[in-house]
Amino acid sequence: MKALQLTSRAHRLFLKVLGSLIALLLLASHPLSAMAAGGEAPVDPAVLARAVDQMEQLDRMRISLASTLESSTEEPTMDTMREVCMPVGKRAMAIGQENGWTVRQVASKYRNPDHAPAGAQETEVIDLLAKHPEINGLWEPATAEQGAGVNYYRRIDVQASCLACHGSKDSRPAFIKDKYGDSDRAFNFKPGDLRGMYAVHIPEVQAALAAQSPAG
């Protein structure tokens, strides 16, 4: 796959169009699993495009928050983590709740064990993204454990500002050493390295509608 040199605006437009095209490809390549109750496609192409757009917004939020560390001369603390890292996780959860999706942050070099790859598909995708930095995101059919639907994976790259907490093992802030100890794997990164990925599970149409319907 050739890397695409696009402006930020053109890149976002490309990803939206790509979401619709992928939906059609999924229907063509998986005709049996692609049919939900009533003969509908499992996921509306517009929903796929929205997932791409939401993850782009989420990653811009991550980069913006991390950039606040660039001019700081103080060692990051737990308060820094609450201000810079936790809002991204909270926003990811909110996106999932608003849309009836499951949105996770996944990494092979993690600090929080909850962020470890869940199953073979996530492990294979994160390995693929690590080997191919030109791949920004990709789609996969949902796993048997997830049921009908699709998964969208979007890479998370290390920014220079991230090295305040994810640089060399010895340079990690004291609060990280105290909190995670020897279980910490999220260090020795360089700018541009793969930090992890956003994993979005989008269930089939009827399940998604049920999740968004008000109770009662």
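Modeller: A salt bridge here is a side-chain nitrogen of Lys or Arg within 4 Å of a carboxyl oxygen of Asp or Glu. The model is predicted, so local features need pLDDT of at least 70 and side-chain atom pairs count only at pLDDT 80 or more, while totals for chains, interfaces and linings use all residues. Residues are numbered from 1 along each chain as its sequence is written, and side-chain values use heavy atoms, with hydrogens and water left out.

Colleague: What makes R154 and D59 a salt bridge?

Modeller: Their side chains meet at 3.1 Å, N to O, and the limit is 4 Å, so the pair qualifies. R154 lies in strand 3 and D59 in helix 2 (helices, H or I, of at least four residues and strands, E, of at least two are DSSP runs numbered from the N terminus), so the bridge ties together parts 95 residues apart in sequence. E56, D59, R62 and R154 are linked in a network of salt bridges.

Colleague: Why is K190 called exposed, and D193 partly exposed?

Modeller: Buried means under 20% relative accessible area, exposed over 50%, and partly exposed in between (1.4 Å probe, protein chains only). K190 has 52%, so it is exposed, whereas D193, at 22%, is therefore partly exposed. Their closest N and O atoms are 3.8 Å apart, and the two form a salt bridge.

Colleague: How do you know that V200 touches W101?

Modeller: Contact means heavy atoms within 4.5 Å, and, not counting residues up to four places away in sequence, the residues V200 touches include M55, W101 and V103.
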